Amino acid sequence: MVSSPVKNDGLYIGGEWVTPATQEKEEIINPATQEIIGLAPVGGMKEVDAALNAANDAFRNGPWPRLSAKERTAKMQEFHDALMARAEDIQELIIAEAGATRMLAQTLQFYTPMEHMQFFIDASLQNQTTSLPVEITPSMTGEKLLGGGVTVREPVGVVSAITPYNFPYFMNISKIAPALAMGNTVVLKPSPFTPFEALIIAEVADEIGLPPGVLNVVTGGANVGRALTDDDRIDMVTFTGSDLVGASIMGQSAPTLKRLLLELGGKSALIIRQDANLQQAAISGMIGFTLHCGQGCALSTRHIVHNSIREDYVQLLSTMVQHVKIGDPSDLQTGMGPLIRESQRDRVEHYVGIGLESGADLVMGGKRPEGLENGFFYEPTLFNNVDNSSALAQEEVFGPVAVVMGFDTDEEAIQLANDSRYGLAGEIYSSDVGTAYEMALQIRTGIVHINGGAGKMSSYAPYGGFKRSGIGREYGYEGLAAYTELKTITFHAG
Ligand code: NAD
C-alpha cells in the first residue's frame, strides 16, 4: 500500500474534502525512479460543477470579496506563513513529483514563489484608488458644474487557474496569490502529472480556515481543464502551459468572453557578442538547457554567438556541462534530474533525430545516460551550426537540448533572435552595456536580461510573452492588476 504524500485523499471543494464520484485514482510516479509516490483522486464533471458553484457562492455571497484589504491581507499572510511552515514537506514533494533537483526545489521552485506571494500580499494593501482630475463643465442652465471622480480596482470574480507540470508549486502560487489577494475566488486545476503540489496548498488553506469556496482544487486532465474554460460561471481563466493548449483555451472561452491571462511556451535566445565575458555567458548557456532538464518556459535554448568566438564558446560550454551531475534529484550535488515522463523523453528524442537529419553538428549528448535505467533521464545535448529555420531551432523541445548558431553583426543577431514564433525571454552578454541595452530594446520578448540581470527573478518585474508566448503579464503590480476590473466612479461637487 502506497501512502499518500498529502494527508487527505479527496479534492478540495467548498471547504470540504470530496471523494470524486467516479472513485477514480491515478498513480503518480516519481520521474527519477518510476516508483509510485501516491494515488491521486481524479476529478470529473460533477466535481467541476460543485467547485464552480462553491466558488460562485463564495464570490457572490461570501465574506472574502467584501473584507477590507487589511483583513484579507492578514488572512493571506497567515496562509503564506503556514505554507512556509510546511517548506520541507513541499520541497520533498517538488523533488518526488516534478523531478526537480533538491537545489532547485529549495530555491527557484519554492522560495521564489513564496517571495512573489509576499510581494502580492504587501502590494494588495496599497491604495488601489486613483483620483481623476477635477473638471468644470457647462450645464444646460448656464451655471458651471464642478466634478471629479476616481478609479477603483475590484476583483474579476471566479477565476479558473490551469497549471503545467514543470514548476507546479510555483505556477499554482503565482496564480492563487494575486487572485485571492485581490478578492477573487479560485478553482485550481493542476497538471495530471503533479496533483499533489496543488492538494498540499489546499490542505494548508483548510488548516488556516480560508472561507469555504474561496479556493477549490479539482484534479484531472484536459476534459476537466476544458470544463473550467467554457462555463458561464467563470469570469477569468489564468493559464500557464503550451501555446497549443493556450490557443484551444482562447477558442473554448470565446463564446462566454472570458478575461484571459495566458503564459505560454518559449524558445529564448542567448546573444553573446564578441566582447562578452565568455565564462559568465557559458554559465548562462549551461543553465539554459540543463536547469530542470530543460523543462522551463524561459530557458535560453537558442545560443546566438559571434562567429569570432563561437568555437571557443562551444568548447567552454561543453566542458562545463560535462561536469553537471545527472541522476538522483534528491541528492544536493545533482545538477540535472529527469524529464517528467517517457512521453516527454520520446519528444526530446524526436527532436534530436530531426537535428541529426538536418546536418547540424552534435557536440555532446544525443542519448540516454548510462547507468540510469530507471527514470526518464536524458543527456544534455548540444548542436552547433544549426539553421534557425529548422524545426530544432523553431519548436519548443522542452528538454535538455540547445542549439548554437553564429552571427557577424548585431543586426544579424537581433534578426535571428526575433525570427521565432515565440517571444518570452532573452539574454545578451556584452561588456558594452549601452549597445546591449539598445539591442534589448529591439528584441521582441517580454523580458531581456543583460549580463545575467539582477541574478534573480524580481517580484517587481512583470513577466509574460510577446507573440505565441502569451497574452497579459504576471508578477509585479501589473500582475496583481491582471486579477482586477477597473471601475470609474464619478461625482459632482455641490
Ligand atoms: P500543457 O499545455 O500540455 O498543459 C497545461 C495544463 O493544461 C494541464 O493542466 C493540462 O491538463 C491542461 N489542459 C490540456 N488541454 C486543455 C484544454 N483543452 N483546456 C483546458 N486545459 C487543458 O503544458 P505542460 O506540458 O503541462 O507544460 C509545459 C508547457 O508549459 C510548455 O509549453 C512551457 O513553455 C509552458 N510553461 C510556460 C510558462 C510561462 O510562464 N510562460 C511557465 C511554465 C510552463
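**Second largest pocket and ligand contacts**

User: Which domains supply the lining of the second largest pocket?

Analyst: In this predicted model, domain 1 (11–264 + 471–490) and domain 2 (268–458) each give at least three residues to the lining of the second largest pocket. The space in this pocket is about 940 Å³.

User: What makes a residue part of that lining?

Analyst: A lining residue has an atom within 4 Å of a pocket point. The second largest pocket has 42 such residues, and Pro164, Phe239, Gly241, Ser242 and Val245 lie nearest its centre. Helix 8 provides the largest share, six residues. Helix 7 (222–227), strand 10 (236–240) and helix 11 (342–358) are among the elements that each supply at least two.

User: How many residues of each class are in the lining of the second largest pocket?

Analyst: The lining comprises 19 nonpolar, 14 polar and nine charged residues. Gly counts as polar, so Gly241, one of the lining residues nearest the centre, belongs to the polar class.

User: Why is the approach of Ser242 to the ligand called a polar contact?

Analyst: The cut-off for a pair of N or O atoms is 3.5 Å. A side-chain N or O atom of Ser242 lies 2.6 Å from a ligand oxygen atom, and the pair therefore qualifies. For Leu264, a polar backbone atom is 2.7 Å from a nitrogen atom of the ligand. The protein covers 88% of the 860 Å² of accessible area that the ligand has on its own.

User: Which residues come nearest to the ligand?

Analyst: Thr163, Ser242, Gln252, Leu264 and Glu396 do, out of 29 residues around the ligand.

Conventions: Residues numbered from 1 in each chain as written. Predicted model: local features only at pLDDT ≥ 70, side-chain atom pairs only at ≥ 80, totals over all residues. Heavy atoms only, no water. 1 Å grid on protein atoms, 1.4 Å probe; cavity = no way out; pocket = protein on both sides within 12 Å on 5 of 7 lines; lining within 4 Å. Points joined across faces, edges and corners; volume = space filled by probe spheres on them. Helix = DSSP H or I, 4+ residues; strand = E, 2+ residues; numbered from the N terminus. Domains from an automatic or database assignment. Near = heavy atom within 4 Å. Polar contact = N/O pair within 3.5 Å; in protein donor to acceptor, adjacent residues only side chain to side chain. Areas by Shrake-Rupley, 256 points an atom, 1.4 Å probe, with all protein chains shown as cover.
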